[in-house]
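Student: I would like to learn how to read charged pairs and surface features in a model of this kind. Could we go through them one by one?

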Amino acid sequence: METTIPSTTVRPARRRDRLLTVLAATVATLLGWIVAVPLAGVELVARSGDVEQRVTPLAVAVSTLLAGLAGWALLALLERFTGRARAVWTVVAVLVLLLSLLGPLGGGVGRAATVTLVVLHLLAGAVLVPGLRRTAVR
């Protein structure tokens, strides 16, 4: 005998899992920042045009939260309009992650800063992509 879970209980669980994924990615990148900056002593500075600025934990947290919420929003939108939301979202998410690496590769001030910024991007992607993908409607 097959049991089905009412959709009213599935949606809150999906929302909770997506929120936890976004928060986990934020925690992961903040831990990465803590290891690199205060513990390892990396001067985490990024260049945007002619302006150089220090990358703060607030900037790391806000950037990760925004990326996670944008990924969540795209996944929810795709689920409304296509039966292949999971596959489409995964491809888009991986492409966005790869494109996001162009920022640190061209904007890190010094080798250590560049490597740290790349690692922070990869940490966020390593949590967000599989975490949000897992919550997608099948």
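Student: Is Arg-16 buried, partly exposed or exposed?

Tutor: Keep in mind that this is a predicted model. Arg-16 is partly exposed, because its relative accessible area of 47% falls between the limits of 20% and 50%.

Student: Which residue forms a salt bridge with Arg-16?

Tutor: Side chains of opposite charge can pair when their charged atoms come close. Here Arg-16 forms a salt bridge with Asp-17, with 2.9 Å between the closest N and O atoms, and Asp-17 is itself buried at a relative accessible area of 19%. Asp-17 also forms a salt bridge with Arg-134, where the closest N and O atoms are 3.9 Å apart. That second pair links distant parts of the chain, since Asp-17 lies in helix α1 and Arg-134 in helix α5, 117 residues apart.

Student: Which salt bridge links Arg-18 to helix α2?

Tutor: The side chain of Arg-18 meets that of Glu-79 in a salt bridge of 2.7 Å, N to O, and this pair joins helix α1 to helix α2 across 61 residues. Arg-18 counts as buried at 3% relative accessibility, whereas Glu-79 is partly exposed at 22%. Salt bridges with shared partners, in turn, join Arg-16, Asp-17 and Arg-134 into one network.

Student: Which residues form the nonpolar patch on the surface?

Tutor: The patch consists of Leu-19, Leu-20, Leu-23, Leu-65 and Leu-69, which together have about 400 Å² of accessible area. Helices α1 and α2 each give two or more residues to this patch, and the largest share, 3 residues, comes from α1.

Terms used: Residues are numbered from 1 along each chain as its sequence is written. This is a predicted model: local features need pLDDT of at least 70, side-chain atom pairs count only at pLDDT 80 or more; totals for chains, interfaces and linings use all residues. Side-chain values use heavy atoms; hydrogens and water are left out. Patches are made of residues with over 30% relative accessible area and no salt bridge: like charges are joined within 9 Å, nonpolar side chains (Val, Leu, Ile, Met, Phe, Trp, Tyr) within 5 Å. Accessible areas come from the Shrake-Rupley method with a 1.4 Å probe; for residues, only the protein chains shown count as cover. A salt bridge is a side-chain nitrogen of Lys or Arg within 4 Å of a carboxyl oxygen of Asp or Glu. Helices (H or I, at least four residues) and strands (E, at least two) are DSSP runs, numbered from the N terminus. Buried means under 20% relative accessible area, exposed over 50%, partly exposed in between (1.4 Å probe, protein chains only).
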